[in-house]
Amino acid sequence: GQVFKLEDYRPNDYLIPETSLTFRLSPEATRVTAVLTVERRGGVAASVPLVLDGDGLTLSRIAIDGQTLAPADFFATPDQLTITTPPAAIRFQLLIETELAPARNEALMGLYRSSNVYCTQCEAEGFRRITYFLDRPDILSVYTVRIEAQHHEAPLLLSNGNPAGSGELADGWHYAVWHDPFPKPSYLFALVAGALGKVADSFVTLSGREVDLGIYVEPGKERLAGYAMDALKRSMKWDEEAFGREYDLDVFNIVAVSDFNMGAMENKGLNIFNDKYVLADQEAATDADFANIEAIIAHEYFHNWTGNRITCRDWFQLCLKEGLTVFRDHEFSADQRSRAVKRIAEVRTLRAHQFPEDQGPLAHPVRPRRYREINNFYTATVYEKGSEVVRMIRTILGAEMFRAGMDLYFERHDGEAATIEDFLRVFEDVSGRDLSQFSLWYHQAGTPNLTISSTHNAAAQEFTLEIEQSVPPTPSESRKRLMHIPLAFGLVGSNGKAIAYSGVEGAGVEDGVIHIRKRRHMVRFSGVAERPAMSLNRGFSAPVTLSVEQKADDQFFLASHDSDAFARWQAFNTLLTGALISAFRQALGGKQPGFASRLTDLAGKIAGDETLEPAYRALALALPSEADIARDIGKNIDPDAIFSGREALATAIAEANREIFSRLYDRLGDNGPFSPDAASAGRRALRNTLLDYLSLLPEGAALAARHFQSATNMTDRAAALTVLALRHSGSPETAKALADFEAKYAADPLVMDKWFQIQASVPGPQTVDAVRALTCHPAFSMANPNRVRSLVGTFSSANQTGFHRADGEGYRFFVETVLQVEKRNPQVAARLATALRSWRSLEPARQAKAREALLAIANAKNLSADLRDIVERTLA
Ligand code: HT7
Ligand code: ZN
C-alpha cells in the first residue's frame, strides 16, 4: 500500500469554498448531487488537472457550469475523479452525481444505515465514499445540504449547522435544508435521517444567545438521555468558564446510533454517538458508564473549538485536535468529580493502553511522520499521550500563561487548518520560552525512563538526587535525542510534611519541578538535616517510567503520608507490583507465594481510612491487572503464573483483613436513593472492591450471590456478576446469576454487552470454547462493533490466561474471528488485531504460536489495507 509522508504535504492547487449537497435517500439507491464551487489557487495554471478523491463510488452525472462533460474531459474510477481540462476561469461550478447503497454499507464509513436510521461517519476519509471531493482536512468549505426522504421512512432530517427550510414533496416525500456558515473540512460533514425520539432543552451562552439542544435516540428511549443532556449543558458552561469558549450555532444536536466504529464523532453542530455513550439509567448503566458518557459528551462538544473552528492541516496533525481535546475533557471531569481520583484513573488508563503501544511494534510519535492507513492512528499515543504532552506544557508554563497561550491559539488560528508547530508557537510567543527541545514529545516515540538515585550526607546536611534519562529505541527510530522532562517532586520528612531546604545546587528546579534536559542531571539540596523520602513524578507530571532506588520503608511511609494523592497511590501501587512480581517468580518456580504482613495490613488501613475518599480507597485497593504486571515484568511472560501469583496476593489481603473489610462492606451497604454523582459512585466502587476480596474467603460465592440478588442498580449487579463469574466460575450461584441476568436483559443489547464481556473475562483455558459458543447467541452479531468488542475484544485484550492459552487455541479463535469481522468492517478488525501487539514479550512457546497466528492473518487473501497495516507492523 501507499505510504503517506508528512514531508510530502503540499497545499492543493484547488479550493472548494462552497459545497451544496442534495441527498435523495433510499436504502439501496441513494442519489447524491454535489455542486461544488471550485476555485483555482492564484498562480496555478489552468492546465493543471483537478483530481478528486473517491472510494468505491459510481458516477452517474458530471457537469461544469451547467454543461455535461464530454468523456474526454474527465476520467472516473471508483477511487478517483480527474477533470483533465478544467475551465480557464478561476472559479467554476462542478456538479457530480453519485449513487450509493447505504443499506449495504457494513464498514460503517460514509453513508450507512443503523437500525433503519441513515447516518454518516466521515472522519477520517469517509466523505469520499459519498461523493468525489478534495477529502483532506485543509479544504474548508461552507456547506448547504438538502435532504429528501420518504416521510414515513425518515420523518427527521438533520445535517450540520442551522435549519434553513423544510417542506413537503410529491408522493409522500419531504425535504429539509441545513446551512452551516462555518467553513469546515469534509470529515466534519454529517447527515442523519430516520424516525427518532427527541429530548429537547436549551442553553443560554455567556453573551446571551439561546441555543436549542436536541438529543435524538431510538423512540421509547428518551428517558435514558437525561444524563447526557445534563452533561452537555455542564460542558457548555465549563468551556465558557475554563477556556472562554462559547458555542456558535443556533442549534446543537446529538444523535445516538447503535452501529458505530468508535465512541462518538464531533460533526459540526451534529454530533453522532455510539448509543452506549448516551443512554443511561441506574438499571442499565454502571457508574463507569455514567462517567464515560459525561467525558465523551464533553469531549465531542469541546471539539467545536479544538478540532472544528481550528482544524488540522493534515492527518499527521491528528493530535492537535485529539490530544488537546482529551486534555480538555480530562480537566472537565477533574472539575466535575474528584481531581485526585480522576488523575489516578487517567494514569492507569495511559499505562494500560499507551505504554504497551509505545513499548511494542506499533510505537509511533504523538505526531507520526508516516502512515499507510490513517484509521490505525486513532491510538492511545495520539489521544492519551497527546493529552499528557499538553498537560506538560501547562506544567512548564504555569496555569495562567497556559491560558494566555490557549487564548492566543484561538485568536490566531480560528477558521484555519493548523499544525503542531502553530500550537507550540503560541506558547513560545506568550511565555518567551524556547520549546524546541520540548517539542520532541511530539516527534519522538517511546516512553522515556528516568533512573534516579539519592544520597543524604547528614554531616553536610545535603541531599543529592542523581537522575539519568534514556529513551528506548522504537521501530525506525533507533537513536533518540534527549528530552525535556518536567519531573514534579517533593521531599517528605518523617512527620509527613515537606522538608524545607535552604538552597539548591544544579539547574532547572522551579516550583517543585525538576526540568531534566540532559542525559545526567544532578540536584543537591542543602540545609536538609534528616534523610527525606522522595516523592517523585507527583501528579504524574511526565509520562515516563521510573527506576528508583527507594527503600521499602520509604515506600510504606509515602503510601501512608504523601500529601500528593497521586504519589501516595503510586507508592502503594509500587509496593503491590513488587509483591506481585515476586509472587510470579515463586509461582513459576512451583512455590506458594508469601507476602509481608505489613503490606497486607496496609491494605486494611487504607480501606478503613476515613480521611480518604472512598473512590481513592477503591483505586488503591484494586490490584495491578495481569496485563499491568506483565508489562512491568517485560519479557518471558507466562500469564498463568502471573494469574496465580495475583490470586495469592488477593487472597492474602482478604484473609488478613476479613474483619475490617466485612464491617466496612456492611456499613457501605446503607445507601439512600441512587445518584450517579462521583461521591456515591465512589462508595459503590469501594464496596464492590471489598466484595471482590471477600468473595475469596469461605462463603464468598454466597455473599456475591446475595450482592447480586439485592442489587438495585447495574453497578452493583454487574460487579457481583463479575465476581461470581471470575472467582466462582462453574458454581451453581454463578450459573443462576448468569441465567437471571440473561433473562432479564435479553432485549437490551447494551446490557447484554456486559453479559458477554463478563463471560469473556473468565480466566482459564475453558473460556475460549465458551466465547466461541457465545458468538452463536441470538443477542450476538458480528456486524455490530459493540457486540464484537464486548465479546471478542474483551477476550483477546483483557483475558490473559484465556487468550494466551498455552496450546494456542485462543489465537486460533482470534484469527478466525478477526478475518470474519474484516469481511464486513476492516476498521473494527484492525483494532481487534492490535491485541497481539505485545506478542514478543511472551515466553517462547506462546510467542511462536502468536507469530503463527499473525502470519495466518497476514497470508489471508484480499486483506484490507487496515488489517494488513496492523499485522505487518506487528510482525516487523
Ligand atoms: N474524532 C472522532 C474520531 C472518530 C473516528 C475515526 C475513524 C473512524 C471512525 C471514527 N469515529 C469517530 C472521535 C473523537 O476523537 O472525538
Ligand atoms: Zn476527539
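The following exchange covers the overall build of a predicted model and then one of its strands.

Biologist: How many helices and strands does the secondary structure of the chain come to?
Modeller: Both kinds of element occur in this predicted model. The count comes to 27 helices and 33 strands.

Biologist: Why is the chain said to be as compact as a globular protein of its length?
Modeller: For 876 residues the globule rule gives 29 Å. The chain is close to that value, so it is as compact as a globular protein of that length. Its C-alpha trace spans about 90 × 65 × 60 Å along the principal axes. The radius of gyration behind the comparison is 28 Å.

Biologist: Which helix gives the most to the largest nonpolar core?
Modeller: The largest nonpolar core has 251 residues, and V192, V255, V278 and A833 have the most contacts inside it. The helix that gives the most to this core supplies 13 residues, and it spans residues 565–588. That is helix 10.

Biologist: Which residues does V278 touch, leaving aside those up to four places away in sequence?
Modeller: V278 is one of the residues with the most contacts inside the largest nonpolar core. With residues up to four places away in sequence left out, its partners are I215, V217, A225, A228, I254, A256, F273 and I293.

Biologist: What share of the span 446–547 is strand?
Modeller: UniProt, in an unreviewed entry, places the feature "domain: Peptidase M1 alanyl aminopeptidase Ig-like fold" at these residues. The end C-alpha atoms of the span lie 16 Å apart. Helix accounts for 0% of the span, and strand for 48%.

Biologist: Which residues of strand 26 point to the buried face?
Modeller: Strand 26 covers residues 462–470, and its side chains alternate between two faces. E462, T464, E466, E468 and S470 point to one face and are not buried. Those pointing to the other face, which are buried, are F463, L465, I467 and Q469.

Biologist: Over how many bridges does strand 26 pair with strand 31?
Modeller: Strand 31 covers residues 520–526 and pairs with strand 26 in the antiparallel sense. Within this pairing, E466 stands opposite M522. Strand 26 also pairs with strand 25, antiparallel over nine bridges, where T451 stands opposite E468. For strand 31 the number is seven bridges.

Biologist: Which residue takes a positive phi in the hairpin of strand 25 and strand 26?
Modeller: The hairpin has four residues between the strands. The positive phi, near 55°, belongs to Q461.

Biologist: How far apart do the C-alpha centres of domain 1 and domain 3 lie?
Modeller: The domain assignment puts domain 1 at 4–195 and domain 3 at 451–542. Their C-alpha centres are separated by 56 Å.

Technical notes:
Residues are numbered from 1 along each chain as its sequence is written. Chains are lettered from A and ligands numbered from 1 in the order in which they are written. This is a predicted model: local features need pLDDT of at least 70, side-chain atom pairs count only at pLDDT 80 or more; totals for chains, interfaces and linings use all residues. A residue is buried if 20 or more other C-beta atoms lie within 10 Å of its own, exposed if 12 or fewer, and partly exposed in between; C-beta atoms are placed from the backbone. Two strands pair if DSSP finds at least two bridges between them. Domain bounds come from an automatic or database domain assignment. UniProt positions are given in the numbering used here, feature names are shortened, and annotations may be inferred rather than shown by experiment. The radius of gyration is taken over C-alpha atoms; the globule rule is 2.2 Å times the number of residues to the power 0.38. A nonpolar core is a set of buried Ala, Val, Leu, Ile, Met, Phe, Trp, Tyr and Cys residues joined through C-beta atoms within 7 Å. Two residues are in contact if their C-beta atoms, placed from the backbone, lie within 7 Å.
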